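I am opening a fresh page for this structure, and I want to write down what I look up in the order in which I look it up.

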Amino acid sequence: MKHEQNAGRRLGLGRNWIGETKQPPAEPLIRVRSGTNVATGRMIGGAHQPRAFVWVDEAANEPKRELVVCPDLEGNWLWENGQATDAEAAFPGNKEVHRLAGKFEYWLKYLKEHWTPDRSQRFFWGRFHDEGVGIARQLQALVIEEAIVRYWRPAQDARSATDREIRL
């Protein structure tokens, strides 16, 4: 009997192969953020027809860092422990986060160019926040194992006094 190890294990007798056995692919872990918790789970079933989602109890995976995405007119958009930071300092070596920082810069540029103090209510806050929340969700997906990302309205938005955080 002959054994070969390539993608799987094949059994053969003489010159004729009996069949090929393949190892089933491991189900990828899926991380989900809800509030301040990050939970882990797996999809059960085939790749094209998942049948169920099963939570995996991993309390140790809760990130210890908390980041806040909140634009200000000084050019900052990322905050950690009440201090302004940037993507390179917060996540050195993470090129995906650094690329995403360009989207945040462009988003912040819109606020700087179109918001004026005398016409604050005429600014398109809904559209601005929709775009910011979308980018913040992308950031959360990139750093879900390292940090929890929150989104706050800027001080220029009148609703920030009563309803500061927008849930991701």
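**Entry 1: one buried residue**

I began with Ala136, and I found that Ala136 is buried, because its relative accessible area is 0%, which is under the 20% cut-off for that word. I note here that this is a predicted model. Ala136 has its place in helix α3.

Which residues does Ala136 touch, not counting residues up to four places away in sequence? I listed Val69, Phe104, Val149, Tyr151 and Leu168. I then looked up one of these partners, and saw that Ala136 and Val69 are 67 residues apart in sequence, although from C-alpha to C-alpha they are 6.8 Å apart in space.

**Entry 2: the sheet**

Next I followed the strands, and found an open sheet of 5 strands with mixed pairing, in the order β9-β8-β7-β10-β11. At its edges I noted β9 (83-85) and β11 (165-166), each of which pairs on one side only. Helix α3, which covers residues 125-142, packs on this sheet and touches β7, β8 (78-80), β10 and β11, and its direction makes about 175° with that of β10.

I also looked at one pair of strands: β7 (residues 65-69) and β10 (residues 147-152) pair in the parallel sense over 5 bridges. Within this part of my search, I recorded that Val69 has Tyr151 in β10 as its bridge partner.

**Entry 3: two helices**

How do the directions of α2 and α3 compare, parallel or antiparallel? Their axes come within 10 Å and cross at roughly 170°, which makes α2 roughly antiparallel to α3. I counted the contact of α2 with α3 by class, and it has 12 nonpolar, 2 polar and 4 charged residues. Among the residues that meet there are Phe104 and Trp107 from α2, and Gly132, Ile135, Ala136 and Leu139 from α3.

I looked up Phe104 separately, leaving aside its neighbours within four places in sequence, and found it in contact with Val69, Trp77, Gly132, Ile135, Ala136 and Leu139.

**Entry 4: the nonpolar core**

I reminded myself that in soluble globular proteins nonpolar side chains tend to be buried together. Here the largest nonpolar core has 27 residues, and those with the most contacts inside it are Val69, Trp77, Phe104, Trp107, Leu139 and Tyr151. The elements that give two or more residues to this core are β7, α1 (87-90), α2 (95-114), α3 and β10, and α2 gives the most, with 7 residues.

Definitions and conventions
Residues numbered from 1 in each chain as written. Predicted model: local features only at pLDDT ≥ 70, side-chain atom pairs only at ≥ 80, totals over all residues. Heavy atoms only, no water. Pairing = 2+ DSSP bridges. Helix = DSSP H or I, 4+ residues; strand = E, 2+ residues; numbered from the N terminus. Contact = heavy atoms within 4.5 Å. Axes fitted to C-alpha atoms, helices over the stretch in contact; angles between N-to-C directions. Core = buried A, V, L, I, M, F, W, Y, C linked by side-chain atoms within 4.5 Å. Buried < 20%, exposed > 50% of the residue type's maximum accessible area, 1.4 Å probe, protein only. Parallel < 35°, antiparallel > 145°, perpendicular 65-115°, else oblique. Nonpolar A, V, L, I, M, F, W, Y, C, P; charged D, E, K, R; others polar.
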